[in-house]
Amino acid sequence: ITAPVRCAPPGNQPLPIERDTCRPFLQRELELLADVRVVVALGGFGFDQTAKLLGISPKPRFSHGAEVQLADGHLLGSYHVSQQNTFTGRLTEPMLDAVFTRAKRLAWPDRP
């Protein structure tokens, strides 16, 4: 678990300076991971920043359940687990479970 920014920005929108200041931390964390098969990004901002760091071009469209095939794995998207999304029902427990079930199947296709 990591984050593209390290603060809770006003209006849930990080400023470019916040994004750029925090990017090296996310980049280093991704570099330290060995044998990653699936990355689940929470929220559009997290999805976009992860896609950018992974060198995915053109920029993939974010949606809940979005899936991008990579040369050596997958990037999946989910709505962020914020109170704003969970309390309003935009993201439900079954929706989140479905994304992580998909991630598990992609990471270990030979396991039940």
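How many residues in the lining of the largest pocket are nonpolar, how many polar and how many charged? The legends below start there, and every view is taken from a predicted model.

**View 1. The lining of the largest pocket.** The answer to the opening question is 24 nonpolar, eleven polar and five charged residues. The space they surround has a volume of about 1400 Å³. Among the 40 lining residues, look for Thr2, Ala41, Leu42, Gly43 and His80, which are the closest to the pocket centre. Two or more lining residues come from each of helix 1 (16–32), strand 1 (38–42), helix 2 (43–53), helix 3 (83–87) and helix 4 (93–107).

**View 2. The second largest pocket.** Here the volume is about 170 Å³. Leu30, Leu33, Val36, Arg37, Val38, Val39, Leu54, Leu70, Asp72, Gly73 and His74 form the lining. Strand 1 and strand 3 (73–78) are the elements that give two or more residues to it. Sorted by class, this lining holds seven nonpolar, two polar and two charged residues.

**View 3. The largest nonpolar core.** Nine residues make up this core: Val39, Ala41, Phe47, Ala51, Ile56, Ala66, Val68, Leu70 and Leu75. At least two of them are supplied by each of strand 1, helix 2 and strand 2 (67–70). Apart from this core lies another, of six residues, including Val38, Val99, Ala103 and Ala107. As a general background, nonpolar side chains tend to be buried together in soluble globular proteins.

**View 4. A closer look at Ala66.** This member of the largest nonpolar core is in contact with Phe47, Arg61, Leu75, Leu76 and Gly77, leaving aside neighbours within four places in sequence. Of these partners, Phe47 and Leu75 also belong to the core.

How values were computed: Residues are numbered from 1 along each chain as its sequence is written. This is a predicted model: local features need pLDDT of at least 70, side-chain atom pairs count only at pLDDT 80 or more; totals for chains, interfaces and linings use all residues. Side-chain values use heavy atoms; hydrogens and water are left out. On a 1 Å grid over the protein atoms alone, a cavity is a set of points where a 1.4 Å probe fits but cannot get out, and a pocket is an open set with protein on both sides within 12 Å along at least five of seven lines; lining residues have an atom within 4 Å of a point. Grid points are joined across faces, edges and corners, and a volume is the space filled by probe spheres set on the points. Helices (H or I, at least four residues) and strands (E, at least two) are DSSP runs, numbered from the N terminus. Ala, Val, Leu, Ile, Met, Phe, Trp, Tyr, Cys and Pro count as nonpolar, Asp, Glu, Lys and Arg as charged, and the others, Gly among them, as polar. A nonpolar core is a set of buried Ala, Val, Leu, Ile, Met, Phe, Trp, Tyr and Cys residues joined through side-chain atoms within 4.5 Å. Buried means under 20% relative accessible area, exposed over 50%, partly exposed in between (1.4 Å probe, protein chains only). Contact means heavy atoms within 4.5 Å.
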